[in-house]
Amino acid sequence: MDSSTALVLNAIIAGLLLGGFYAALSVGISISFGMLDVVNIAHPAFIILGSYIAYIVNDRMGVDPILVSIVVSPLFFALGMLLYRIYYLCFEKRGQESLRGLAFFFGILFITEVALILIFGVDYRLVQTAYSGTTWRLGPVDFPMRLVVPFLVSVTMVVGVQLFLTHTFFGRAVLAVAQDQLALRLMGVNPTRVKGLAFALSIATAGVAGAFLIVIQPVQPAVGREFIGLVFAVCVLGGMGSIWGTLLGAFVLGLAESFTSTFFGPSWAPAVSFGLLLAALAFKPSGLLGR
Amino acid sequence: MNRLARWFSGGLIAFSLALTASVHAQQPLKIGFGMSLTGPLAGNGKAALISMQIWAEDVNAKGGLLGRKIELVYYEDQTNPSTVPSIYNKLLDVDKVDIVVSGYGTNVIAPAMPIMMQRNMVFMSLFGLNVNSKFNYDRYFQIMPAGPEPAVDWSRGFFDVATSLNPKPQTVALVGADAEYPALALEGARANVKRAGLKIVYDKSYPPNTVDFSPIVRAIQATNPDIVFLASYPPDSAGMVRAVNEVGLKTRIFGGGLVGPQFASLRTQLGSLLNGIVNYESYTPEVAAKYPFLDQFLAKYQGRAIKEGVDPLGFYLPPYAYAMMQVLEQAIKATGGLDQAKLADYMHAYEFDTFVGKVRFAKNGEWSVPRMLTVQYHSVAGNDLEQWMKPGKVTVLYPASYATGTVKAPYQDNRK
């Protein structure tokens, strides 16, 4: 196999692995912003909170950070329920959710960041796992476990969320909320409760994604801001509210970034990624798999 | 009666003047600055602040400066250059500080420069790379030991070490983040490449929020360079080092301008992945004998840093933050006041004795002689911090007067 074929194959694998990670970061936004119309700009702050919880347990007890994130995901779920309740009572119920709600989530973002700074300081944190330094090699193609493990858990989580939304009563209620709240109310279902549970699910996915992040790169309290643009871009590219679309959008951006970095220079990666987003929206404004 | 009234009036005036002088003498000497306490550079910002606070306490314990207690007046700049001008305007106009110094890093020093020039203030800065090259301000001084040509001197040691290999390397790959410091470091690296007669086979930058660096490392490997020079900030330093190890980069020398391995957090987190990398350091225990008074400062600093959750080693920036204040202290004492012109003239003319050694400034305010160390990490095992506290994990390669050994190449043979 010549070196250019090996570069192409490695670029594909690296793009898919990166896309899997991006999907985990974005699936929560796809639920809250895409389905519930809640512009949760604080989503990355909960990702960073997940990173720090995974870090502290890993540091003190040596437990795998991703396992920690799965175990503590009910706590994130409960936090999401509480947060939505406050948001609903203070803004949504009064019909002030658009601008004031956005300010509310900005506030949550800053409060979370400052709380993390006060508790953990401002130094970068990173975890070491049993698989961090391992790379599987299949011919000329590399599979770094630091990215493979988050990829596998991420895809499992995203597929799980999709199956949950399409094969359970509650999941269908969430999809119904996204389409017509009034019709749902007429069917005897409380849309506020459904939205609360769905929002909680989105925060739970952020907690798990946080563990992926700290496995992949060092984290400090303000690093979440770097992902705000990315998570919304993935959500819009894939199609608002479409979980499969989020997965596809994440893979497209991951592959675009990987190919651009390999063959044209990494500084072009954001331009190519967002160029693709603009092109997709020009030809299909509802996103790749949006309705 | 008239005479008595005159005596009384004169006495009253003299008493008032003495009282005013006494009140003035008791007013604190205010030193103002912005500092990054949140944001990407907050780790260093907080470490620098601790050092400056230790200096202020040390000076106040000895009775202050010019008979006045030191008061540090500082504001958080969020590592955001756009906040810097308003901070320094407030410090000068509202807080009426007597002296200003910079926060940490090139991107928050540069925005303060126009204000300093407008107000004719002496501006002592902390680890800004080549900031004055555009401004040519004669009252700018800089404590980082980068040398009179900072951009070029910054990587001079790395390229001098690399080109000392036999046979001499021929090709070089240059890579760095799309940010102020890496851009300046790469600019200097290109000058050194030209000087050394090397051929550039890869010269690209990457966005600071890059997550996966393996495509970049593979693209570099495809060009098969003899030398790979990297200029990066801590998160991308970690990402690149991990990707280099995962991909199995084969080159003779790798490193140069990585910010991050100087600090405890990345040292403990990357551990043995640092082996074989050639990088810069401003201090390392291997050359402790050259810094005889630094131990007492580091002992004070390390105790506080652990409580504050910042770099517990404190080798890189904190000694220089303290030294920056020592320079000002000595200049103020020697000139006997706060006249900015006299201070600047004195700082240009004389040598200063600090915890980081003798400091003399060149015409452009940089160190007259470069003294950044070029080192190679080796024998790092595990992730404990203790191993870094004592000599044994670092070989100093450059400058020659500080060298403790020679470089080991190729990189891939020294990685583990």
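A residue is called buried when its relative accessible area is under 20%, exposed when over 50%, and partly exposed in between, as judged with a 1.4 Å probe on protein chains only. This is a predicted model, in which local features need pLDDT of at least 70 and side-chain atom pairs count only at pLDDT 80 or more, while totals for chains, interfaces and linings use all residues. Residues are numbered from 1 along each chain as its sequence is written, chains are lettered from A and ligands numbered from 1 in the order in which they are written, and side-chain values use heavy atoms, with hydrogens and water left out.

Helices (H or I, at least four residues) and strands (E, at least two) are DSSP runs, numbered from the N terminus. Helix H10 of chain B, residues 234-247, is mostly covered, since 14 of its 14 residues are buried. The expected span of a helix is 1.5 Å times one less than its number of residues, so the 14 residues of H10(B) should span 20 Å, and the end C-alpha atoms are indeed 20 Å apart. After H10(B) comes Gly248(B), which has a positive phi near 80 degrees.

Rings of Phe, Tyr and Trp (its six-membered ring) pair if their centres lie within 6.5 Å; planes under 30 degrees apart count as stacked, over 60 as edge-to-face and the rest as tilted. Over all chains, 43 aromatic pairs are found, including the two tabulated here.

| Pair | Centre to centre | Angle between planes |
|---|---|---|
| Tyr181(B) and Tyr233(B), tilted | 5.8 Å | 50 degrees |
| Tyr320(B) and Trp367(B), tilted | 6.3 Å | 45 degrees |

Tyr181(B) lies in helix H8 (residues 180-196) and Tyr233(B) in the loop between strand E8 (227-232) and H10 of chain B, so their pair ties together parts that are 52 residues apart in sequence. Tyr181(B) is buried at a relative accessible area of 6%, and Tyr233(B) is buried at 19%. The pair of Tyr320(B), in helix H13 (residues 318-335), and Trp367(B), in the loop between strands E12 (357-359) and E13 (373-377) of chain B, links parts 47 residues apart. Tyr320(B) is buried with a relative accessible area of 0%, and Trp367(B) counts as buried at 3%. These four residues belong to a cluster linked by ring pairs, which also includes Phe127(B) and Trp154(B).

A charge sits over a ring if NZ of Lys or CZ of Arg is within 6 Å of the ring centre and within 35 degrees of the ring normal. The charged end of Lys290(B) sits over the ring of Tyr402(B), 4.9 Å from its centre.
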